[in-house]
Structure formats: C-alpha cells, structure tokens
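Student: Please take a close look at the empty space inside this structure, and at the parts that line it. I would like one connected account.

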Amino acid sequence: MKNLPPMKCAASATGQFEEETDMTSRLSRRHMLQLASAGVAAAAMTTPSLLRAQDSFPNRPINVVVPFDTGGYNDRLARAFAPFLQEELGQPLTIINRGGAGALLGHMFFMQQPADGYTILCTSAAPYLPLNILTQDATFSYDDFYMVNLPSQDYTLLATSADSDLQTIDDVIARLKEDPGSLSIGIQAASADLVNLSILADANDIDFDALRMVTYDGGGPARNAVAGGVVDIGLVGGEGFLPLREQIRPLLTFDRRQRDDWEGAIVTDVMGEDARVVVGSQRGWGLHATLQENNPEAFRILSEAIEAASKNPEAIAALEAQQLATEWYGPEESNKMLAETAEVMEQYLHLLQGQ
C-alpha cells in the first residue's frame, strides 16, 4: 500500500493522543473527530484514484486461453503479443494452454469460464471452430464467440516442384480434365485444402472422385513431397511453403488477393469473382460474445486494448521478427471471414468427415 503515507500520519497522530494522556483528556470528542476527518481527507487527496481503481476493469490479472499445446503458432502469438497487451491493460496476462481433441478441449474450457472479461481467447478460429461444431458435436455455437481480430489468415497454395513441366494452373486443369488420374496430388485428409481441391474440380468439370490423391498426416510432409517432386502437385497451407520458396513453383493461391509475393494465379482468375473457398487457419483474439451485453465497459476496454496493441509499431516489429501476423482487420471483417469459412465448410461436410 505504497500510496498510504497520509493514513500513517493519521495513525501516528492517534498514537500520540494515547500516549499524552493529559492532553487527550483535555481534548473534546468533537476535536478528535475533526482531526480524524482531516486525516482521512488528506489521505483521499493524496490517493484520489485508489478507491476508483479497485472498482474499475481490469483490477486483476487476465487469463489467455490457448486451445493448443506450447510451441505452436497460437502459443507463440499469445506469448509474443502479451507484453504489449499487458501494457495497454495495466494488468499481467497468464497464458493457459489447453490442447487436445482438435482444439475442442480448449474451446470448451474457455466457454466454461465466467464471461467477465478476465478470460480471453487466442485460437485458430477457423478451421477449428467449424470442425468442432460440424464434426465433433460441440456444445457451443459460433454465436458464443466474438472475434476481435484474426490477423493470421493462412491460405491453400497449389504448387509443384521448381523443375516440373507444369508451368501454370491452366496446365494442371487441362491435364486433370483430360485424365483425372494423370497427376498425383499431395494433400492432407479431412482438411481445408481437400475442400478447396473439390471446389476447384467442381468449377472446372473435373471428376473429383477419379483424382489420384496421396494423403499425408501433416502439412510438413506434404510440402516436402511437393518440393522433392514425390507428387506432381500439392495443396497445402501457403505460409508453410515460404521456407521452400526456391524449391517450388506456385500455381494457384486460394485467395482473392496475391499473398506473400507468390507468382501464379488467384482463385478469381480461375473461378470468377464470386469464387468461394475455405480460407486456411484464421488465428487471433476472441472474447465471450455475451460480454458485450453483460459488461459493455469490459468489452470496450479489451477490444480497444487489442486494437491499440495490434497497431503498436513496437509490437508489429516484434511479431514480424518471429514471422507472426500483425495485421489489424477488426471485429467486423474477422467475424465475417469466420462465418464465410464455416458456411463453405458445412457445404463440404462429407469431405471433412472422410466420406
């Protein structure tokens, strides 16, 4: 209580009255009350924000739930961003990892916490929330989450090895239309990339069921297979391809804009302006949706703090140095992207369920 020296002075004055019994006996009760009141007033004058601070939000540490184990992208994002968010909020952040069951356990843990603003979420909202809801019978819904900002938006990249004879996406489409089994395709089972391959096939009258797919348990092995020419083409998250840039040739980015300076086409070039695909991992910050109604002040403070920290030049530099996304999209765009991704994934539920 380092802001209480006036209270100590008041206590000293009271002790002095007790010791000097003769003087105390001559003081009237009214006089003593006046002195005590003066001491309290002095304390209030020197600590004007003390009582207000105890009632304001936040007045204790805040937990950050990461529904994945330590070391992954979301964990690194949460820990790198925490110092800058702490600075905005004036309270320490505690990172809580709750991995397991494809983020289902962590999302359930987050929903079980009070919606009072003292628990926030750092997660891959897509594809994991849709997967939890569509394939794992989650007890929560999309409406239970409010995404403040999803700065990391991965994307599917269709690529081939650097020395492949496939030069453009048109070459790939022509070969697959003529003979769907003519090219081996590296891909992860039950993934957003698989859904995007199906969308590409449907848009170009390619027999999806006749495609010759080679499945991998993770993005790393699939990318290495593409770079090494083990498969003719592969569809995997584009951000993970960056370290292999010199070993591959990008042919199609499943996004409406060029990403990471990749050459090649984007989906609108191949499937028109209305093309809808599954965006890759959409990672970032979320709150309980009910917080906006239950505690609008806490909701406002947290939202503004996340925005301010996201736009802090020091935070941007620190995260970029760790190859972590920093872009500010804001709540409207972030929630819209999540909703669109969930809608497309639901249309291709049979693929996600491995049927």
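Tutor: What follows goes from the chain as a whole to its enclosed cavity, and then to its open pockets.

The model is a predicted one. Its chain has 355 residues, 49% of which count as buried. The secondary structure amounts to 16 helices and 11 strands. Among contacts in the chain with a separation of 6 or more, 74% join residues 24 or more positions apart. The accessible surface is about 17500 Å², and carbon and sulfur atoms hold 49% of that area.

Enclosed space comes first. One cavity of 30 Å³ or more is present in the structure. The space in the largest cavity is about 70 Å³. Its lining consists of Leu77, Phe81, Asn149, Pro151, Trp285, Ala309, Ser310, Ala315, Ile316, Leu319, Ala325 and Thr326. Two or more lining residues come from each of α5 (73-89), β4 (145-153), α13 (296-310) and α14 (313-321). Of the elements, α14 gives the most, with three residues. Sorted by class, the lining of this cavity has nine nonpolar and three polar residues, and no charged ones.

Helix α13 can be followed a little further. It has 15 residues, and the distance from its first C-alpha to its last is 21 Å, close to the 21 Å expected at 1.5 Å a residue. Its buried residues are Ala298, Phe299, Ile301, Leu302, Ser303, Ala305, Ile306, Ala309 and Ser310. Ala309 and Ser310 also appear in the lining of the largest cavity.

Now the open spaces. The largest pocket has a volume of about 1100 Å³. It is lined by 48 residues, and those closest to its centre are Asp154, Glu239, Gly240, Ser281 and Arg283. At least two lining residues are supplied by each of α5, α7 (125-135), β4, α9 (192-203), α10 (219-227) and β8 (233-237). Two of these elements, α5 and β4, also give two or more residues to the lining of the largest cavity. The class counts for the lining of the largest pocket are 19 nonpolar, 17 polar and 12 charged residues.

The second largest pocket has a volume of about 290 Å³. Its lining has 16 residues, with Asp255, Arg256, Val279, Met337 and Glu340 closest to its centre. Helix α15 (residues 330-347) gives the most to this lining, with six residues. By class, the lining of the second largest pocket has six nonpolar, three polar and seven charged residues.

Arg256 leads on to one more residue. Leaving aside residues up to four places away in sequence, Thr268 touches Arg256 and Glu273. Thr268 lies in helix α11 (residues 267-271). Thr268 counts as buried because its relative accessibility is 13%, and the cut-off for buried is under 20%.

Two elements already named also help to cover another helix. In α6 (residues 104-112), the buried residues are Leu104, Gly106, His107, Phe109 and Phe110. The cover over these residues includes β1 (62-66), β2 (93-97), β3 (119-124), α7, β4 and β11 (282-288). Of these, α7 and β4 each supply at least two residues to the lining of the largest pocket.

Methods. Residues numbered from 1 in each chain as written. Predicted model: local features only at pLDDT ≥ 70, side-chain atom pairs only at ≥ 80, totals over all residues. Heavy atoms only, no water. 1 Å grid on protein atoms, 1.4 Å probe; cavity = no way out; pocket = protein on both sides within 12 Å on 5 of 7 lines; lining within 4 Å. Points joined across faces, edges and corners; volume = space filled by probe spheres on them. Helix = DSSP H or I, 4+ residues; strand = E, 2+ residues; numbered from the N terminus. Nonpolar A, V, L, I, M, F, W, Y, C, P; charged D, E, K, R; others polar. Expected span 1.5 Å × (residues − 1). Buried < 20%, exposed > 50% of the residue type's maximum accessible area, 1.4 Å probe, protein only. Contact = heavy atoms within 4.5 Å. Areas by Shrake-Rupley, 256 points an atom, 1.4 Å probe, with all protein chains shown as cover.
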